[in-house]
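Could you give me a guided tour of this structure? I have it open in my viewer and would like to know what to select next and what is there.

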Amino acid sequence: MHPDLTALLTAIQPADADAMARARDRQAQLTKPAGALGDLEDLAVRLAGVLGSERPDPRGVAVIVAAGDHGVARTGVSAYPPEVTPAMVANFLADTPAGPGGAAVNALARAVGARVYVMDAGVNAELPEHPALVRAAVRRGTHDLSVQPAMSLDEAQALILSGAALARRAIDDGADVLIPGEMGIGNTTPAAAITARLLHLDAAQVTGRGTGVDDARLAHKVTVIRAALERTPTTDPLEVLAQFGGFEIAAMLGVMLQAAAMRRAVILDGFVEGSAALIGVALAPHLRDSLFPAGQCAEIGHAAQLTHLGLKPMFHLNLRLGEGTGGVLAAPLLLGAAATLREMRTFAEAGVPGSGSEE
């Protein structure tokens with residue numbers, strides 16, 4: 001293992017139990033009936049543990065969109081051609097009347113005040129020069145995972161470390177909440193392969209329609225994933241990433257690991273992000289403490305990922321776009337949870353009779 005990756009994994013520590021205990025004590029004294037804020041209360045306490053304060057005050061939100069192409073897309077597992085990947089990268093970077101970027105993630109980020117970073121993690125095209133494009137590609141797209149390893153271990157680790165470096169930059173720019181996002185035609189196929197292997201499930205149990213394939217193509221997709229899984233029995237997390245993953249999945253993993261190592265919160269978007277999280281938690285179990293799932297997406301394997309991680313999604317909107325869109329939508333919920341714990345007064349502070357419950 002690369003020494004920088006070893007150091008990164010070692011730096012990931014458990015959530016601050018004392019801060020969480022203080023947060024629960026404060027939560028019980030706030031001017032509301034006990035439990036009246038529902039799941040926001042648990043989110044706030046968990047965030048207190050990540051940030052190390054019973055009054056968590058996250059400064060900003062960044063979404064890091066990593067783009068990469070997949071050799072397996074040439075087998076027909078997606079409803080869209082691979083040429084869409086570079087076109088969407090251009091869309092993420094485009095100038096529009098509303099501001100930088102013309103994709104869904106850009107519009108949503110503007111709406112909630114999040115900053116968008118775009119990484120070329122391995123797009124199979126000559127991308128034009130752009131000052132906002134972070135270039136981290138080691139190769140133009142992965143190999144076809146159904147017949148050979150998608151990437152080498154060295155390539156996988158290089159992309160993890162590139163994702164970590166961009167996370168550090170986003171944190172230096174003021175982000176305490178990081179949202180890994182992705183763009184890559186065909187990437188629900190590697191995500192399903194990773195999930196099937198790490199959860200010891202058959203491909204059909206975790207393989208969905210991605211961008212909307214029909215029944216015949218879905219059956220083909222399952223066959224392709226089974227062929228990949230039959231190539232090797234490995235369950236080593238890094239080898240699973242190299243065998244079945246994508247460059248953007250590796251980069252998102254790096255974002256998550258670096259955020260956790262620097263005690264920042266990570267909002268998980270959907271299924272592809274979930275596959276990176278499975279690898280991350282297998283490598284560094286305490287990463288789980290920093291993960292806050294947005295919504296349970298439309299891909300059938302996402303529920304299995306969240307169950308394995310022991311994490312509860314914030315909403316169910318049947319999203320299946322990717323890009324980090326669900327994570328951006330969830331950011332106000334997480335920030336709002338923090339605000340209640342930080343800014344609400346206790347019964348004593350407000351001079352209101354009560355003990356945390358009301359008739």
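Before the first stop, a word on angles: axes are lines fitted to C-alpha atoms, for helices over the stretch in contact, and angles run from 0 to 180 degrees between N-to-C directions. Keep in mind, too, that this is a predicted model.

**Stop 1: two helices**

Start by selecting residues 3-10, helix H1, together with residues 247-261, helix H11. The two pack at an angle of about 50°, and their axes are 8 Å apart. Angles under 35 degrees count as roughly parallel and those from 65 to 115 as roughly perpendicular; H1 and H11 are therefore oblique to each other. Now show the side chains where they touch: Leu 5, Leu 8 and Leu 9 on the H1 side meet Leu 257, Gln 258 and Ala 261 on the H11 side. Five residues of this contact are nonpolar and one is polar, with no charged residue.

**Stop 2: the sheet**

Next, switch to a cartoon view and find the open sheet. In what order do its six strands lie? Reading across, the order is S5-S4-S1-S6-S7-S8, and the pairing is parallel. At the edges you will find S5 (133-135) and S8 (291-293), each of which pairs on one side only. From one strand to the next, the twist averages 30°.

Zoom in on the S5 edge. Strand S4, residues 115-122, runs parallel to S5 and is joined to S5 by three bridges. To see one bridge pair, select Asp 120 and its partner in S5, Arg 135.

**Stop 3: helices on the sheet**

Add helix H3, residues 39-51, which packs on the sheet and touches S8 and strand S7 (265-268). The direction of H3 makes about 155° with that of S8. Then add helix H6, residues 153-172. H6 lies across S4, S5, strand S1 (61-68) and strand S6 (177-183), and runs at about 165° to S4.

**Stop 4: the largest pocket**

Turn on a surface and look for the largest pocket, with a volume of about 510 Å³. Which of its 33 lining residues are closest to the centre? Select Asn 187, Thr 211, Arg 320, Leu 321 and Gly 322. Helix H4 (84-93), S6, helix H12 (271-283) and helix H14 (325-343) each supply at least two lining residues, and H12 has the largest share, with three. Coloured by class, the lining shows 13 nonpolar, 12 polar and eight charged residues.

**Stop 5: the second largest pocket**

Move on to the second largest pocket, whose volume is about 270 Å³. Its lining has 17 residues, and those nearest the centre are Phe 92, Pro 100, Val 116, Tyr 117 and Ala 132. H4, helix H5 (104-112) and S4 each give at least two residues to this lining. Which of the elements gives the most? That is S4, with four residues. By class, you will see 10 nonpolar, three polar and four charged residues here.

**Stop 6: the enclosed space**

Finish inside the protein. The structure holds one cavity of 30 Å³ or more, and the largest cavity has a volume of about 50 Å³. To outline that cavity, select Ile 12, Gln 13, Pro 14, Ala 15, Val 50, Ala 260, Arg 263, His 286, Asp 289 and Ser 290. Five of these lining residues are nonpolar, three are polar and two are charged.

How values were computed:
Residues are numbered from 1 along each chain as its sequence is written. This is a predicted model: local features need pLDDT of at least 70, side-chain atom pairs count only at pLDDT 80 or more; totals for chains, interfaces and linings use all residues. Side-chain values use heavy atoms; hydrogens and water are left out. On a 1 Å grid over the protein atoms alone, a cavity is a set of points where a 1.4 Å probe fits but cannot get out, and a pocket is an open set with protein on both sides within 12 Å along at least five of seven lines; lining residues have an atom within 4 Å of a point. Grid points are joined across faces, edges and corners, and a volume is the space filled by probe spheres set on the points. Ala, Val, Leu, Ile, Met, Phe, Trp, Tyr, Cys and Pro count as nonpolar, Asp, Glu, Lys and Arg as charged, and the others, Gly among them, as polar. Two strands pair if DSSP finds at least two bridges between them. Contact means heavy atoms within 4.5 Å. Angles under 35 degrees count as roughly parallel, over 145 as roughly antiparallel, 65 to 115 as roughly perpendicular and the rest as oblique.
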